[in-house]
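I wanted to look up the charged side-chain pairs and where they sit. My notes are kept in the order of the look-ups.

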Amino acid sequence: MTTAADGAGTWQDDAARDLLNLGGRLALLVRGEGSHVWDADGIRYLDFLGGIAVNALGHAHPVFVQAVAEQARTLAHVSNYFATPQQLELAARLKRLAGTGEGGHVFFANSGSEANETAIKLARLHAHATGKSTILSLNGAFHGRTMGSLSLTPKAAYQDPFRPLLPDVAHIDPTMDALEAAIDDSVAALFVEPIQGEAGVVPLPAGFLRRARELTTAHGALLIVDEVQTGVGRTGAWFAFQHEGIVPDAMSLAKGIAAGFPLGALVTFGDHDAFYPGTHNSTFGGNPLATAVGNAVLAEIEDGGLLAAVTERGAQLGRRSQGCRWSPARVGPAC
Ligand SMILES: Cc1ncc(COP(=O)(O)O)c(C=O)c1O
């Protein structure tokens, strides 16, 4: 077993003494290259986890390394008092890839939870402007662990230790019947993941997103798509909602958007975002270092033909994994 840096015990001893007791002790990883990572004992692993759907280009990709190094040398951080060319370029790129049209806007954050916090504030602004109240999310959803995003993540083990949560939040089953019954004029926003990762990588029922779009439009509610895990090419389209031919009112992004550099974003569509100066912001969000990496990563995905490769690999894995279900409690084959 690997000894700790001071030679006095194992790295697990150090972790138990110095880190909050929140898990994260599977191995002590020290290096990555392409699809592999190495632990401190020199054991090589084929990395199927990809940093939980983050390392879109694999480890130590030259495009990623160069973008970090060049931008760090030039201008790393300026705060939200200033714009930078990198931030403007990434916002325009995301709007183009998402197909927001002229009306959409982008807010940069540092994580998926923060992107969803921004989306919750978007929903609240909409609720106040329209006299609506309820924010809906789906049973089985995972939207994050900050207090707002946790309120939309209806899992007792995650929520119960931290009650009270946000008021005016309700959860429905991800079924067509539940959807039909739930959307009325009191609903300000519906949050959905096109594929529920935490629930076991379960896609929404066929037609669910399209019907959700029809119903939310009919009742003046926002449809907010959490693409933190499904976005940035992971389903073979840039964003999973694009398979359904719908346009949401907003989508949250993080994970693969900068392939390992912390970056999140909320992208709005149309003219539904009622933010104005003072209603939201972030010190680090959208700094030139993170957004330069985001630009380099998205350009590499776009120019490198990665989306077609994802579709091919997805079909291959799908064929070979019929009947399998991912289980957090199990390491190794789950079928
Ligand atoms: C769908 C979804 N939304 C939000 C989050 C939260 O993102 P983060 O961990 O970057 O805060 C996650 C994280 O796994 C996620 O899968």
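The entries below cover salt bridges and the exposure of their residues.

Entry 1, basis. I am working from a predicted model, where local features need pLDDT of at least 70, side-chain atom pairs count only at pLDDT 80 or more, and totals for chains, interfaces and linings use all residues. Residues are numbered from 1 along each chain as its sequence is written, and side-chain values use heavy atoms, with hydrogens and water left out.

Entry 2, count. I took a salt bridge as a side-chain nitrogen of Lys or Arg within 4 Å of a carboxyl oxygen of Asp or Glu. The structure has 13 salt bridges.

Entry 3, aspartate 18 and arginine 17. I found these side chains in a salt bridge, at 3.0 Å from N to O. For exposure I used relative accessible area: buried is under 20%, exposed is over 50%, and partly exposed is in between (1.4 Å probe, protein chains only). Aspartate 18 is exposed at 52%, and arginine 17 is exposed at 54%.

Entry 4, glutamate 302 and arginine 96. I read 2.8 Å between the closest N and O atoms of this salt bridge. The pair links distant parts of the chain, 206 residues apart: glutamate 302 is in helix α10 (residues 288–303) and arginine 96 in helix α4 (residues 85–98). Helices here are DSSP runs of H or I, at least four residues, numbered from the N terminus. Glutamate 302 is partly exposed, at 31%. I also noted a salt-bridge network linking Glu89, Arg93, Arg96 and Glu302.

Entry 5, glutamate 180 and arginine 211. I found their side chains joined by a salt bridge at 2.6 Å, N to O. Glutamate 180 belongs to helix α8 (residues 176–182) and arginine 211 to helix α9 (residues 208–218), so the pair ties together parts 31 residues apart in sequence. Glutamate 180 is partly exposed at 38%, and arginine 211 is partly exposed at 26%.

Key. Helices (H or I, at least four residues) and strands (E, at least two) are DSSP runs, numbered from the N terminus.
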